[in-house]
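User: I would like a close look at one part of this model. Please take a helix and the strands beneath it, then work outward through the sheet and into the core.

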Amino acid sequence: MPDFVTPPPVERGDSVAVVAPASNVPEEFSHVYDLGLERIREVFDLEPVEYPTATADPDWLLENPEARAQDVMDAFEDPDIAAVITNIGGNDQLRILKHLDPDVLRENPTRFYGWSDNTNLALFLWNHGIVSYYGGSTLTEYAMDGEMFDYTVEYLGRALFDEHIGEWEGADCFTDQPGDWEEPRSLQYHRDIEPADGRTWVGGGEAVEGRIWGGCFEILDQWFIHDEWLPAPAELEGTILALETSEEVPDPGLVTGWLRALGEAGYLEVFDGFLVGRACARNHTEAGDNPAHEREAYREQQREAFETVIPRYNPDAPIVLDCEFGHTYPTCPLPIGGVAALDPGSETIALR
């Protein structure tokens, strides 16, 4: 395991880089992007600096992984940039990793924020001992319809301005409804909000702590197939695995198979604890909306996958389900490479 450094906190008034190292939205959705920039300025008193990829065409980004990597390195190396904020996720960021210079990143540790496909960059930074933050992207958390969740403002603010996030409490509501970006007026109205039933604690009963490794399950699957940067099981001994699934809504049977494969490969047994994000149960690419009872049934089936498979390989590890990170909102940006302390007795989590 590398020696970790947590990049220095951001201060209000600082300049922050806005980049698109994964994908981007077409120009017709610029109203969403502009709202995100506005919130960065007005809610957090930061000055967004748009790097070349931030407004680049998604087809151009797809064909230019070197440029995406260069934007990240340029932002890290710029002494006037206090943080690097990604626009959105995607599904091919794996292709930029070979174009990154780890010496540039390690010599210029800067707070990095992004989720989904940005799992690639988060884990690349993990390999080189740099703590990053899983969450806080321009087009999602910042550009939330209606207004930002108070919960997101609180925890994103801690991830920006504090040395450590501290005690991580649950939210009392959530949404996984996609934004209607085709209709600019929709940004004036809140998405469908559902009550949150709290987190579910299963598995071992002893308090544990360890550095967080993980992110989006579908991207981790790519890492296990193309294992050039994948740590060996022994290198992850004593860490906390964070997992969440995307708006692709993978079948619970597929999630069960992924978990079982991790167990058979010797990975599940090395983690001291597990953080599982609340499942997104709406597929954002399909027309229409599945009813509430189907969404809850999906979430329960996914919970059962984690509750059933992980204890077979690691019965002593605590598992915390329905955590606030990933593809449902509101979120707390998880410090990937930072330390999580899980206490099943008091059912509390602290992030530092």
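Analyst: Start with helix α7, residues 150–161. Helix α7 lies across β4 (111–114) and β5 (132–134). The helix runs at about 150 degrees to β4. Keep in mind that this is a predicted model.

Now the sheet. Both β4 and β5 belong to an open sheet of six strands, in the order β2-β1-β3-β4-β5-β14. The pairing is mixed. The edge strands are β2 (47–50) and β14 (334–336), and each pairs on one side only. From one strand to the next, the twist averages 30 degrees.

Step from β4 to its neighbour β3. These two strands pair in the parallel sense, over three bridges. At one position, alanine 83 stands opposite arginine 111 in β4. Alanine 83 also has a partner in the other direction: it is the bridge partner of valine 16. So how enclosed is β3? Six of its six residues are buried, so the strand is largely enclosed by the rest of the structure.

Next comes β1, residues 15–19. Strand β1 pairs with β3 (residues 81–86) in the parallel sense, over five bridges. Valine 18 stands opposite isoleucine 85 in β3. A second helix belongs to this part of the sheet. Helix α1 (residues 30–42) lies across β1, β2 and β3. Its direction is about 140 degrees to β2.

Go back to the stretch between β4 and β5. Helix α5 covers residues 119–127, and eight of its nine residues are buried, so this helix is largely enclosed by the rest of the structure. The buried residues are Thr119, Asn120, Leu121, Ala122, Leu123, Phe124, Leu125 and Trp126. Just after α5, glycine 129 takes a positive phi of about 75 degrees.

Now return to α7 and follow its contacts into the core. Two tyrosines in the range of α7, Tyr151 and Tyr155, touch tryptophan 168. Which residues touch the most other members of the largest nonpolar core? They are Trp168 and Leu275, in a core of 110 residues. Trp168 and Leu275 also touch each other. Further contacts of tryptophan 168 include Cys323, Glu324, Phe325 and Cys332. Leu334, Ile349, Ala350 and Leu351 are among its contacts too. Leu334 falls within the range of the edge strand β14 (334–336).

Tryptophan 168 also has a charged neighbour. Arginine 199 lies over the face of its ring, at 4.5 Å from the ring centre. A similar arrangement occurs elsewhere: arginine 278 lies over the face of phenylalanine 174, at 4.7 Å from the ring centre.

Phenylalanine 174 falls within β7 (173–174), and the loop from β7 to β8 (194–195) holds serine 186. At 14% relative accessibility, serine 186 counts as buried. Serine 186 touches Asp145 and Asp180. Its C-alpha atom and that of aspartate 145 are separated by 7.0 Å, although the two residues are 41 apart along the chain.

Move on to strand β10, residues 208–216. Seven of its nine residues are buried, so β10 is largely enclosed by the rest of the structure. Two partner strands pair with it. With β15 (residues 339–343), the pairing is antiparallel over four bridges. There, arginine 211 has valine 339 as its bridge partner. With β11 (residues 240–244), the strands run parallel and five bridges join them. Tryptophan 213 stands opposite leucine 241 in β11.

Tryptophan 213 leads to the aromatic residues. Ring pairs link Trp213, Phe224, Tyr267, Phe271 and Phe274 into a cluster. The model's count comes to 15 aromatic pairs. One of them joins phenylalanine 224 and tyrosine 267, in an edge-to-face arrangement. Their centres are 4.9 Å apart, with 90 degrees between the planes. Phenylalanine 224 lies in helix α8 (217–225), while tyrosine 267 lies in the loop between α9 (252–264) and β12 (273–277), so the pair ties together parts that are 43 residues apart in sequence.

Are the two rings' residues buried or exposed? At 24% relative accessibility, phenylalanine 224 counts as partly exposed. At 8%, tyrosine 267 counts as buried.

Terms used
Residues numbered from 1 in each chain as written. Predicted model: local features only at pLDDT ≥ 70, side-chain atom pairs only at ≥ 80, totals over all residues. Heavy atoms only, no water. Phe/Tyr/Trp six-rings, centres within 6.5 Å; stacked < 30°, edge-to-face > 60°. Buried < 20%, exposed > 50% of the residue type's maximum accessible area, 1.4 Å probe, protein only. Lys NZ or Arg CZ within 6 Å of the ring centre and 35° of its normal. Core = buried A, V, L, I, M, F, W, Y, C linked by side-chain atoms within 4.5 Å. Contact = heavy atoms within 4.5 Å. Pairing = 2+ DSSP bridges. Axes fitted to C-alpha atoms, helices over the stretch in contact; angles between N-to-C directions. Lists of a residue's contacts leave out its neighbours within four places in sequence.
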